[in-house]
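Hi,

Here is the structure I promised to pass on to you. Have a look at it first, and then read on for what turned up.

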Amino acid sequence: MASSSMSEEELTLTVRWSGKDHTVRVCGDDTVGELKRRICEVTNVLPKRQKLLYPKVGSKLSDDTLLLSQLPLKSSVKMTMVGTVEDDIIVDPVDAPEIIDDFELGEKEAVDIKDKEVNKQKLRRRIDQYKIKLLNPCREGKKLLVLDIDYTLFDHRSTAENPLELMRPYLHEFLTAVYAEYDIVIWSATSMKWVELKMGQLGVLGNPNYKITAMLDHLAMITVQSDSRGIFDCKPLGLIWAQFPEFYSPKNTIMFDDFRRNFVMNPQNGLTIRPFRKAHANRGSDQELVKLTQYLLAIAELSDMSVLDHGKWESFTEDNVKRRRHS
Ligand SMILES: [Mg+2]
């Protein structure tokens, strides 16, 4: 009992950086990785550029997966951060955090993660801390499509002289078509600088044929713990639903990501997309976004999309086409 109250307890830390004090709020159940993201919010120093110093913890603060409850942190003792803001916005794509392969969680384990009180609390804290900035107004009566970037819309691991060579084929056609029924939100596990850079280079921002409602980055994610896979980050859609309840809900939202674990907090709303890798070899044949356009437009008629099993999206589209042919 004592350890669970300790882990949920909030802790206000003072972090000294570059001659100034900054305050961050964390809890014992957060990881060092999360602490760094909170520090990034107030300093703009990316987590991977931060070195954290604190009395009597040795090198433990360099292990991002360690829980803060395992460290002797106190509000009265200042932490020091050493690190530089990234001025050079040409971010090396290899710096993107996705280095681990996707994994499957057992169904029961996934349900447990979603229903765990500590994770719901983390989500509530994130809702308080992360304010979504609208680039364009939410539209009445539209559904919501949330899109990952890396390997979903763009091959971030290949190199090319022009980033457009690494864009998933039919991206603009796809966004133009689904914009008729869906508001579009981009959510990447990288930093906002990278998101803005990529979306700008690909011509997604400022496109005359569709508008992007909002963009979210790694700071909007939460860290959860699973028994079999340890600690990992995910993208809780509840953050969006809480901030725009009159427009979006579990019933009208769908998210595309090549990492299934990213929707562990809302499994009924996630569609695992085939990753777009090796752009130079696959650019000529990848039809994923064409097929997904048909699916999205077909299911947009439903009043509750969460009753669907998005894992079977391909057969849904085929059935629909057959039905139309027979009628
Ligand atoms: Mg991805």
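**What I found**

Keep in mind that this is a predicted model. The largest nonpolar core has 53 residues, and Leu-145, Val-146, Val-185, Ile-186 and Cys-234 are the ones with the most contacts inside it. The biggest contributor to this core is β6, which gives five residues. If you want one residue to click on, try Cys-234: leaving aside its neighbours within four places in sequence, Cys-234 is in contact with Met-221, Ile-222 and Val-224, and also with Arg-261, Asn-262, Phe-263, Val-264 and Met-265. Apart from that core lies another one, of 13 residues, with Cys-40, Val-45, Leu-61 and Met-81 among them. As background, nonpolar side chains in soluble globular proteins tend to be buried together.

Next, the helix α6. It runs over residues 192-201, and its Trp-194, Val-195, Lys-198 and Met-199 are buried. Looking down the axis of α6, you will see these buried residues fall within an arc of 120 degrees, so they line one face of the helix. What do the buried residues of α6 pack against? Two strands: β6 (182-187) and β7 (214-216). After α6 comes Gly-203, which has a positive phi, near 80 degrees.

Now for the overall layout. The domain assignment splits the chain into domain 1 (2-82) and domain 2 (93-326). Their C-alpha centres lie 29 Å apart. The contact between them takes 13 residues from domain 1 and nine residues from domain 2. On the side of domain 1 that touches domain 2, α1 (2-8) and α2 (32-43) each supply at least two residues. The largest share of that side comes from α2, with five residues. Is that side of domain 1 made up of nonpolar, polar or charged residues? There are seven charged, four polar and two nonpolar residues.

One last thing, from the records. An unreviewed UniProt entry carries the annotation "domain: FCP1 homology", covering residues 138-299. In the model, the end C-alpha atoms of residues 138-299 lie 20 Å apart, and the span is 25% helix and 20% strand.

If you open just one view, I'd start with α6 and the two strands that its buried residues pack against, β6 and β7.

Cheers

Technical notes: Residues are numbered from 1 along each chain as its sequence is written. This is a predicted model: local features need pLDDT of at least 70, side-chain atom pairs count only at pLDDT 80 or more; totals for chains, interfaces and linings use all residues. Domain bounds come from an automatic or database domain assignment. Two residues are in contact if their C-beta atoms, placed from the backbone, lie within 7 Å. Helices (H or I, at least four residues) and strands (E, at least two) are DSSP runs, numbered from the N terminus. Ala, Val, Leu, Ile, Met, Phe, Trp, Tyr, Cys and Pro count as nonpolar, Asp, Glu, Lys and Arg as charged, and the others, Gly among them, as polar. A residue is buried if 20 or more other C-beta atoms lie within 10 Å of its own, exposed if 12 or fewer, and partly exposed in between; C-beta atoms are placed from the backbone. The arc is that of the directions from the helix axis to the C-beta atoms. UniProt positions are given in the numbering used here, feature names are shortened, and annotations may be inferred rather than shown by experiment. A nonpolar core is a set of buried Ala, Val, Leu, Ile, Met, Phe, Trp, Tyr and Cys residues joined through C-beta atoms within 7 Å.
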